[in-house]
Amino acid sequence: MMSFQTFVTFTVIILSADALLVKQTAQEHVCFPCDCLNVTADCSNRNITKVPVLRSNITKIVLSQNNLTTVTRNLFEKVKTLNITTIMLDNCKVMNISNDAFLDFQRLKHLNMNGNQKHPFMDLSRALVNINLTHLNLDNAGIRNKLDYVFMPFTHVSSLSLRGNMIENFNATLFSNGFPSLNILDLANNNLQAFPFTANLNQIEILNLAENKIESTNLHFCANESGSSKGLRVLDLSWNFLSNISVFNSEGHCLLSLQSLILSNNNHIFKIPDNVFSRLPRINTIYLKYVSSRIDIEPLAFNASTLLELRLTTSEQLILRPKHVNMFKQCPNLRTLHFTNVVFQNISDNLTDMFSHLVDMKDFSIRYGIVWDISFLSTMDNLTMLDLFGNYIKGWNPEIFKRQQLEKLNLTRNQIAVFEQNSFPQHIWDNLKYFTATSNPLECTCNLLWFKSWLKDNINKLSNKYQMYVCLSPDKWKTKTVAKFEPEKYECQSAVGSLVVIGIGLGCLAGVFLLIAFIVYKGRYHIKHRMLLVRSLQPYDRLPDGEDFVYDAFVAHHVDNRLWVINHLLPFLEQQRKLRLCIHERDFLPGNFIADNIVKNIKVSRKVILLFSVDFVNSEWCLFEATTAYNRIIAEGASSVVIIMLEDIRHRPVDNTIRNLLLAITYIEWENDRNGRPEFFRKLLDALQ
């Protein structure tokens, strides 16, 4: 018979379990219809008109994409006792805000009002006048030219984001008076043609001016002798209209604190002069990503002893010459150096001289550099990250890496036939945290068995799946994965004799391969272009039914028509009509062949827009885009392609493909007269439906 004490204990356990279950159920019910995770309550897109009761530990409320045209104190009635620090009201169609809307949240620090196009600016200012807000997001809020009167002073705001507001003019006095604590300002994706680098804005430390219309002639940093931007640490000028960057030399002394400079995607920068960054006393990071391959880099362009990080990427191959061998002699402290499409072929014998003094290098990358000898790495004892994607590397002396502590290694798309245990010192194999070497011509012989075992045992370190490593030879294992490579036992038991035979065979194979590679390399551009042109003539491969396109339209244009695309096409279709366009300067995947990018992106675009001009019909790549578009007409009909006639080419000698396109499709003519442009855009929009 059960004792009384046992009965009592059993009863207490049952009651405790019931109480725990009730408490857990209540906690889940508290947040409904929101989802509560840790300190965040996600109430986005719930069609709510009032914030429900939330858990007591919630500090962040996400109300994104609810129809909250009016924001009042009553909206937060059920959570007014919580210590809320972050509120997300982005894309809620907010039109009115009461003065006391945030009165219960004296600890509010972050407020996101992104995407409210009819934003009540003065209402917001009055509602936050007594709140010590530090981070304010007003992206895509329809500010335009209303900066002079939309704000009352925000004493404590240190970070302000105004992206995508089509702002044309910036009032420095307004911001120095209204935002005395401001040190992070984001003005990306606006229409600024200039920015006042005045002493009034000395408190700004991080300034984002990307995706504006700033030209070199409007770039000035010195407002007075004492220096106008002495507090600025990070400056982003990517995606602007810069051409001449000599201002960083002539006025660099006015950027006393500048550490990070981003000049990427300025396709009209054709020269980096000697010593252009030498007068920036604290510069340590420079980004020049996706600049023109025609850029002229002078021998002492990167003369800056404080430089720690440099990233240089060109749209096509930039060939370095002997004059560049001493390019980094004056920046011995470099720790991060990334190149993409920068070709070292002409100075391959001088790479040791070029890099030998960079003994502090930690992160080194050469992608598509036509590099085959990597002995120059032996002096980089502190190297931890190495990326040699897309080169011609076949092998190396393991002694190169004897003092290094590599953690990340990328050898993808080289000419490596085998990885053996002695390819690297054992401490390298043991210390690696990230490894990838796919797309190499692996020889699945007995010598590869160790590597197969290592891959299997270190699958957590691989960026690609184990199954991505594929045999290229011998024929018996060709196209099969290394994971499936299982030679017969007797094949790997013979010693010297087999090795000699294999060595002779490999030598012959290597000789043939080198001969073929030399022939292909000499004519690589013509071969590549012709093969892809033939491939594009095949029947158009449509996306499967029901699969969404990535882009609404692919825009085929000559580079000299870029300004027309930026000033007219993008503002109307992307900013006003919210369509997604594929623009090669912006959306092509770097590192891929141009023709591959064209074919792939046309296939995933719902329409193709051809911008006909004199330059277009004379460009080989533009004709390739036109040919691919014409094949799509054959497969899908004329409605899949839209032609815009920027210049009259009808009476000029043109390629047969261009002539056939003009006969097959009714084109839309661009109107230089402003009165005719509404009709042009109406026709364009109808054609894209």
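How many of the six residues of strand S25 are buried? In this predicted model, the strand, which spans residues 551-556, is mostly covered, with five of its six residues buried.

Strand S25 belongs to an open sheet of five strands, arranged in the order S26-S25-S27-S28-S29 and paired in parallel. The edges of this sheet are formed by strand S26 (581-582) and strand S29 (668-669), each of which pairs on one side only. On one side, S25 is joined to S27 by five bridges, the two strands running parallel; here Ala-553 stands opposite Lys-607. S25 also pairs with S26 in the parallel sense, over two bridges, and in this pairing the bridge partner of Ala-553 is Leu-581. Ala-553 of S25 thus has a partner in S27 and another in S26. The connection between S25 and S26 involves helix H10 (residues 562-576), and the three elements make a right-handed β-α-β unit.

Towards the other edge of the sheet, strand S28 (residues 641-645) is joined to S29 by two bridges, again with the strands parallel. Met-645 is placed opposite Glu-669 of S29. Helix H15 (residues 656-664) lies across S28 and strand S27 (605-612), and the helix runs at about 110 degrees to S27.

Nonpolar packing was examined next. The largest nonpolar core comprises 147 residues, and Phe-102, Phe-328 and Phe-355 are those with the most contacts inside it. A second core, separate from this one, has 30 residues, including Phe-588, Phe-612, Ala-626 and Ala-629. In soluble globular proteins, nonpolar side chains tend to be buried together. When neighbours within four places in sequence are left aside, the contacts of Phe-328 are with Phe-302, Leu-310, Leu-334, Leu-337, Phe-339, Met-354, Phe-355, His-357 and Leu-358. Phe-355 is therefore both a contact of Phe-328 and one of the residues with the most contacts inside the largest core, a nonpolar core being a set of buried residues joined through side-chain atoms within 4.5 Å.

Helix H7 (residues 449-457) has a buried side and an exposed one. Phe-451, Lys-452, Trp-454 and Leu-455 are buried in this helix. Viewed down the axis of H7, these buried residues fall within an arc of 165 degrees, so they line one face of the helix. They pack against helix H6 (426-431) and strand S22 (434-436). The face of H7 turned away from the buried side carries Lys-456 and Asp-457, which are exposed.

Terms used: Residues numbered from 1 in each chain as written. Predicted model: local features only at pLDDT ≥ 70, side-chain atom pairs only at ≥ 80, totals over all residues. Heavy atoms only, no water. Buried < 20%, exposed > 50% of the residue type's maximum accessible area, 1.4 Å probe, protein only. Contact = heavy atoms within 4.5 Å. Pairing = 2+ DSSP bridges. Helix = DSSP H or I, 4+ residues; strand = E, 2+ residues; numbered from the N terminus. Axes fitted to C-alpha atoms, helices over the stretch in contact; angles between N-to-C directions. Arc of directions from axis to C-beta. Right-handed = clockwise from strand over helix to strand, strands pointing away.
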